[in-house]
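Reader: I have the sequence and the coordinates open, and I would like to go through them with you before I plan anything at the bench. Could we begin with a strand and work outwards?

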Amino acid sequence: MAADDSTPTRFEDIDWTDVEPSGRLDLSPKALGMLVSTTLLAVLFLYDYFVVPKNNDTFEAIGWAYQVTQLDYFFALTLLAIFFFTVVPLFENPHLTRYYWDRFKQNRPAMLSLGFLLATFFIGMVGPLVLSKPELSLFAKYQPPVYTSVPKSAVIECTGRVSDGMCHGTWQYPFGTTGGGKDILNIIVYGMQVSMKVGLMSAFIVTVIGSLVGTVAAYSGGLVDEFLMRYVDIQQTFPSFLLFLLLTYQFGGSLLLFIAIFGFFSWGNTARYVRSNALQKTEEEYIKSAKATGGSTWLIIRRHLVPNTASSIITDLSLLIPSFILFEAAFAFLGFGADVPSWGRTIAAGRADLSFAWWISTIPGVFLFVTILAFNYLGDALLDALNPQADTESES
Amino acid sequence: MTDEPLLEVRDLKKHYPITQGILKKQVGSVKAVDGISFDIPRGETLGLVGESGCGKSTAATSIIQLEEPTAGEVLFNGDARNAAETAADARHRNDVTEFDPEELKQFRRQAQMIFQDPSSSLDPRMRVGESIAEPLRIHGIEDKAARQEIARNLLDRVGLSRDDYHRFPHEFSGGQKQRISLARALVTNPELIVADEPVSALDVSVQAEILTLMKDIQEEFGLSILLISHDMAVVREICDRVAVMYLGEIVEIGETEELFRNPQHPYTQALLSSIPVPDPTVDRAGTTLSGDVPSPSNPPSGCRFHTRCPDVIQPEGYDFEQEHWRAVMDLRTRLAQRDIDIEAVREFVATESDRDVEPGAVPDDAAKAAIRNEFGIPGSLQDGRAESVLAEALELIVNEDLAGADELLSTEFETVCERDAPSLSETAPGHQSACHLDSTTATTDSVESAVSDD
């Protein structure tokens, strides 16, 4: 190890008179990346809002006929946050990632779940750009899924082989069609996007507000704590279901409205989790140690408190995300949903035809079921993998 | 002036308010630390010992400014604050309790703390290398590679491996974690380390290793260490000087050898006699303390140790066996707390006796005897005057007049120990003790003046 004056290799070689505490804001590359990309997003939004005429497509100038909606902007923000604060740190700390991954991969069901959810996510993102929106096509109604058949009397035009009075399914409609002739495969793919949007965006809102309120309440204590937690109490007694019905009645249903209402009214529990966890953690000696060594409040919250409360957020989220997806499906099933091709709507639409066209309700139902199951398995496995202490404690 | 002590603590106090009700009205205070003073010269280790709850940890956190002291000064004469700045007119400039945020941050670099519980003193989600390097980052070393190299080098020097940098705290044993904590405390090259029970959570064999390591490090870097411990053996191992704390006050302070060889304060003597001697043939007249540690929210008057002191001074004009006098004092302490239930005494006597007696029918004499027995007071004190006072008090007790008995005994048997708080006085060069027994001449003077004042 060559002793170099500029880079001391032993602690006693540091000349502290040279070290000036730099006044600049200590922004990590990922925070910087988040800031820059959010700014770009904001610029695009302002451009869309002020420059592009109202009914024109956002990217008309470069010849791409795509109208970016408010929902899309918000979803982009969510994805950016997930990218910079989940994916990037994993690449930044390869050792840690390897360590977590080794632990995670021992859990078979969780690996399957992760695969399924990643597939759902990517198909949901890309599929709608490739596939056309499911459209009514009455002549193609009640086509059975491939390898199955339906009495010929149920369909108008059978796309496949007809034998013994039965219409057989073909690869043209691998999952069959609905009573309106909509391709169920298309519906499933579009539904994937809807589910992912609902789950991730609501969870994003909940995570941000919940951890902010929770940590601030725990670290400030006193009146601030009292005020925030009493507000949470009040909010939790408030039925967001009714608010959603009311607003839907007033303004018409939209996915953004659903996400906003459920995101902004469901963070109470998360805040409470985070607060109780943070309260417990502030008593830990490593927090005192960081304080005794001169760490600022912000540094302690960011580098010690938040990472150590993250595991409680993850369990909370692994329950919240599927519940949001399920809520959305339930609303759609009841007919209150937004006018988007979601799984819940299709389940509701196929309800009357269950006697002969079982696939209309069943296929989206299976996807809904598997998605929710996968989130639960994933959350469980993540908690185990991210909490090395819990594991060593249970082993010893 | 390099011969001035690195740390001077002057009359440091930390009181915690006791509040009641919604409006948080203050109804009292817990005097965890109540006016302690000591110096730590450069390169020296001072041990602060005492029972749990005596305020030694609070003293540590108040000195290091994790908690704001209620009163007092903590003068830190670190390198960066040299003699010119510490001229007599500007002494307050070195008072840590008056530091502005910038000075405080500098102080936090020069004074580090090690905590008791190795399993919670390192962030479980941070690699140990990062934990060690964190203070560097906080204090403005922005070169990541340099930080990493320094941390690896330190890991090596505290007896671990350079490659442990990427491991997590739970992968280490308690002793190893404490080595890591030590590395973390060292990394900013401090002049003072405050170690709060650094080895009490470890096995005895590991304790010795860590203590040796601390000693080596101290010698190598000329550190000053304030070691907090309840264990006299640990303190003897590495401390140059020892301060003994009881209920928020320092009762004795001196060179380790001198203090262990010739303890002055009865409390120190009791603590020392609690160290096991690995020789079964040694016959030791162990000093045992009576009663519990009083609450720091309402400490005893005068000398705070008088409620438990085996050598408590006898009242003027009476002549007790010391053992009996201690027993009478125990009775007085319980009376002051109104903690004698005469009904229970009668019931006890009734169940103990062979004959069937109703608790109410227990004769007063039997109840009195039971009380004497309970406190170890003989059937009759050798001093007749004392005996008559005691008999009168017992009569009041069995008639359920505890306040009257307390009053009577307090006036008749008042001792200097409960009236005057002894101050630290020198018994030998560099050895101070706060006990009325130490400087008999001085105390009798003050006692007489106090008496004549009344």
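Reader: Which residue of E7(B) stands opposite Leu48(B)?

Author: This is a predicted model, and the statements that follow should be read with that in mind. Strand E3 (residues 45-49) of chain B pairs with strand E7 (residues 224-229) of chain B in the parallel sense, over 5 bridges. Within E7(B), the residue that stands opposite Leu48(B) is Ile228(B).

Reader: Which residue of E8(B) stands opposite Val49(B)?

Author: E3(B) is also joined to strand E8 (residues 241-246) of chain B, with which it runs parallel, and 4 bridges link the two. In E8(B), the residue standing opposite Val49(B) is Val244(B).

Reader: How many residues of strand E3 of chain B are buried?

Author: Both faces of E3(B) are covered, since Thr45(B), Gly47(B) and Val49(B) on one side and Leu46(B) and Leu48(B) on the other are all buried. The strand is therefore largely enclosed by the rest of the structure, the number of its residues that are buried being 5 of the 5.

Reader: Is Leu154(B) buried or exposed?

Author: Leu154(B) lies in helix H4 (residues 144-157) of chain B, and, leaving aside neighbours within four places in sequence, it is in contact with Ile132(B), Ala183(B), Leu186(B) and Val187(B), as well as with Phe11(A). A residue counts as buried if 20 or more other C-beta atoms lie within 10 Å of its own. Because Leu154(B) has 24 other C-beta atoms within 10 Å, it is buried.

Reader: Which helix gives the most residues to the largest nonpolar core?

Author: The largest nonpolar core has 113 residues, and those with the most contacts inside it are Leu154(B), Val194(B), Leu226(B) and Val244(B). The helix that gives the most to this core, with 7 residues, is H13 (residues 384-398) of chain B.

Reader: Which element of chain A gives the largest share of the side that touches chain B?

Author: In the contact between the chains, 30 residues of chain A meet 35 residues of chain B. The elements of chain A that give two or more residues to its side are helix H10 (285-292), helix H11 (297-334) and helix H14 (388-395). That side divides into 11 nonpolar, 12 polar and 7 charged residues. The largest share of it, 6 residues, comes from H10(A).

Reader: What distance separates the centres of domain 1 and domain 3 of chain A?

Author: The domain assignment of chain A places domain 1 at 37-68 and domain 3 at 138-168, with domain 2 made of 108-134 + 183-395. Taken over C-alpha atoms, the centres of domain 1 and domain 3 of chain A are separated by 45 Å.

Key: Residues are numbered from 1 along each chain as its sequence is written. Chains are lettered from A and ligands numbered from 1 in the order in which they are written. This is a predicted model: local features need pLDDT of at least 70, side-chain atom pairs count only at pLDDT 80 or more; totals for chains, interfaces and linings use all residues. Two residues are in contact if their C-beta atoms, placed from the backbone, lie within 7 Å. Ala, Val, Leu, Ile, Met, Phe, Trp, Tyr, Cys and Pro count as nonpolar, Asp, Glu, Lys and Arg as charged, and the others, Gly among them, as polar. A residue is buried if 20 or more other C-beta atoms lie within 10 Å of its own, exposed if 12 or fewer, and partly exposed in between; C-beta atoms are placed from the backbone. A nonpolar core is a set of buried Ala, Val, Leu, Ile, Met, Phe, Trp, Tyr and Cys residues joined through C-beta atoms within 7 Å. Domain bounds come from an automatic or database domain assignment. Two strands pair if DSSP finds at least two bridges between them.
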